[in-house]
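Reader: I would like to go through this model with you and ask how each label was earned. Could you set the values beside the rules as we go?

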Amino acid sequence: VTAIRRHFVSGGGLLARRKVTRAVDDVSFGIAAGETLGLVGESGSGKSTLGRVIVGLLAATSGQVAIAGQAVGGARGGARRALWRRVQMVFQDPYSSLNPRLTVRDTLAEPLRNFGIARGADADRRIREALDACGLPASAMTRHPREFSGGQRQRIGIARALIVRPDFIVADEPVSALDVSIQAQIINLLQDLKAAFGLTYLFIAHDLAVVRHVSDRVAVMYRGKLVETASAEMLYARPAHPYTQLLLRSVPMPDPRAEAERRKRTAASEIAHPQATAGGCPFHARCPKARFPLCGEQAPPLAAHASGHRVACHFPG
Ligand code: SF4
Ligand code: MG
């Protein structure tokens, strides 16, 4: 992913001023084959938009996505389709992401048909295999989404992504809409499938706790920008960006006294800084470490902090 920007323009009528939202603002990173990159940020940080750009559901305003060294933007027709087949998405909401009128068979047959992979009996065989890999019985084929629980629906959504045999899956908060008791099952399923099919993941989540045990590396996003990337080990042990440090402190802690202390600290950091300006570091208004005028005037670039560890902060560590 190289220098991806995705802007949304709203308004611009006779009376309304045009407003440009930079949902994704100059984001670059790579994911090695077989790796899981956890992408974390609060809601509205641009992580779902970035995920959709990567799988081709949204066009980038500018920038480039390449798969195995091949730029997707340059490919046309069949070559482009072959590239997109390798990249699939699992959506956050297993209720709205499945068409309620389609049976499970039709839901899973659609990508097979769209990518010209299989039809008829061959398609049915592949559908049974994908359901089985996702822990669903073959009898699910003739049923509709409403007949399944949330966890089972997410299994159907995962089977739909898996059935075209992708190399890479963007999982956009795949457990956020599920009961806590079901979340671990779905995460374990994703881990099992990764091992069985040699998959690579971009695993999007809004808190660091969810991606901790599945990620090899973690990228933290804030207001459309990457603010920190590091190995999971490094990021949890020595977070260098004040926002990441704040996110780690927001992970609920069982000790009630520690929890009360955490709330106090988090609340304090959410009061906008009196010296806040419109420019500068995107985090400066909330940053407990901001120093003025520098942080209010200059946006820090994402720069090497330690080996394999990049941070966008004037005062990392
Ligand atoms: Fe905080 Fe300044 Fe670092 Fe931004 S650059 S995160 S405001 S210390
Ligand atoms: Mg989202």
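Author: Happy to; what follows is a set of short questions and answers about helix pairs, domains, a ligand shell and two backbone details. Please keep in mind that this is a predicted model.

Reader: Good. Why are α3 and α4 called roughly perpendicular to each other?

Author: Helix α3 (residues 104–114) and helix α4 (residues 120–133) pack at an angle of about 115 degrees. Angles of 65 to 115 degrees count as roughly perpendicular, and therefore α3 and α4 get that name. Their axes are 10 Å apart, and the crossing is right-handed.

Reader: Which residues make that contact?

Author: From α3 they are Arg105, Leu108, Ala109 and Leu112, and from α4 they are Ala123, Arg126, Ile127 and Ala130.

Reader: How do you know how many of the residues between α3 and α4 are charged?

Author: Arg counts as charged, and the contact holds Arg105 of α3 and Arg126 of α4. Leu, Ala and Ile count as nonpolar. The division is thus six nonpolar, no polar and two charged.

Reader: Now to α5 and α6. What makes this pair roughly parallel?

Author: The axes of α5 (residues 150–162) and α6 (residues 180–197) cross at roughly 20 degrees and come within 10 Å. Angles under 35 degrees count as roughly parallel, so α5 is roughly parallel to α6. The crossing of α5 and α6 is right-handed.

Reader: Where do α5 and α6 meet, and what classes of residue are there?

Author: On the α5 side are Gly150, Gly151, Gln154, Arg155, Ile158 and Leu162, and they meet Ile182, Gln185, Ile186, Leu189 and Leu193 of α6. By class there are six nonpolar, four polar and one charged residues. Gly is counted as polar, which places Gly150 and Gly151 in that class.

Reader: And α3 with α5: why is that pair named as it is?

Author: Those axes cross at roughly 25 degrees and come within 8 Å. With under 35 degrees as the cut-off, α3 is therefore roughly parallel to α5. α3 passes α5 in a right-handed crossing. Val104, Thr107, Leu108 and Pro111 of α3 meet Ile156, Ala159 and Arg160 of α5, and these divide into five nonpolar, one polar and one charged.

Reader: How do you know where the domains lie, and how far apart are their centres?

Author: The domain assignment of the chain gives domain 1 as 2–237 and domain 2 as 239–317. Their C-alpha centres lie 28 Å apart.

Reader: What makes up the contact between the two domains?

Author: In domain 1, 16 residues are in contact with 16 residues of domain 2. On the side of domain 1, the elements that give two or more residues are α7 (208–211), β10 (217–222), β11 (225–231) and α8 (232–237). β11 gives the most, with seven residues. That side of domain 1 divides into ten nonpolar, two polar and four charged residues.

Reader: Which residues surround ligand 1, and how do they sort by class?

Author: The shell consists of Pro242, Cys281, Phe283, His284, Cys287, Lys289, Ala290, Cys295, Pro300, Cys313, His314 and Phe315. Cys, Pro, Phe and Ala count as nonpolar, and Lys as charged. The result is nine nonpolar, two polar and one charged residues.

Reader: Why is the peptide bond from Phe292 to Pro293 worth a look?

Author: That peptide bond is cis, with omega near 10 degrees. Pro293 sits in the loop between α10 (256–269) and α11 (294–297).

Reader: Last one: what is the sign of phi at Ala3, and where is Ala3 found?

Author: Phi of Ala3 is positive, about 50 degrees, although Ala3 is not a glycine. Ala3 is found in strand β1 (residues 2–10).

Key. Residues are numbered from 1 along each chain as its sequence is written. Chains are lettered from A and ligands numbered from 1 in the order in which they are written. This is a predicted model: local features need pLDDT of at least 70, side-chain atom pairs count only at pLDDT 80 or more; totals for chains, interfaces and linings use all residues. Axes are lines fitted to C-alpha atoms, for helices over the stretch in contact, and angles run from 0 to 180 degrees between N-to-C directions. Helices (H or I, at least four residues) and strands (E, at least two) are DSSP runs, numbered from the N terminus. Angles under 35 degrees count as roughly parallel, over 145 as roughly antiparallel, 65 to 115 as roughly perpendicular and the rest as oblique. A crossing is left-handed if the near helix is turned anticlockwise from the far one by less than a right angle, and right-handed if clockwise. Two residues are in contact if their C-beta atoms, placed from the backbone, lie within 7 Å. A residue is near a molecule or strand if its C-beta atom, placed from the backbone, lies within 6 Å of it. Domain bounds come from an automatic or database domain assignment.
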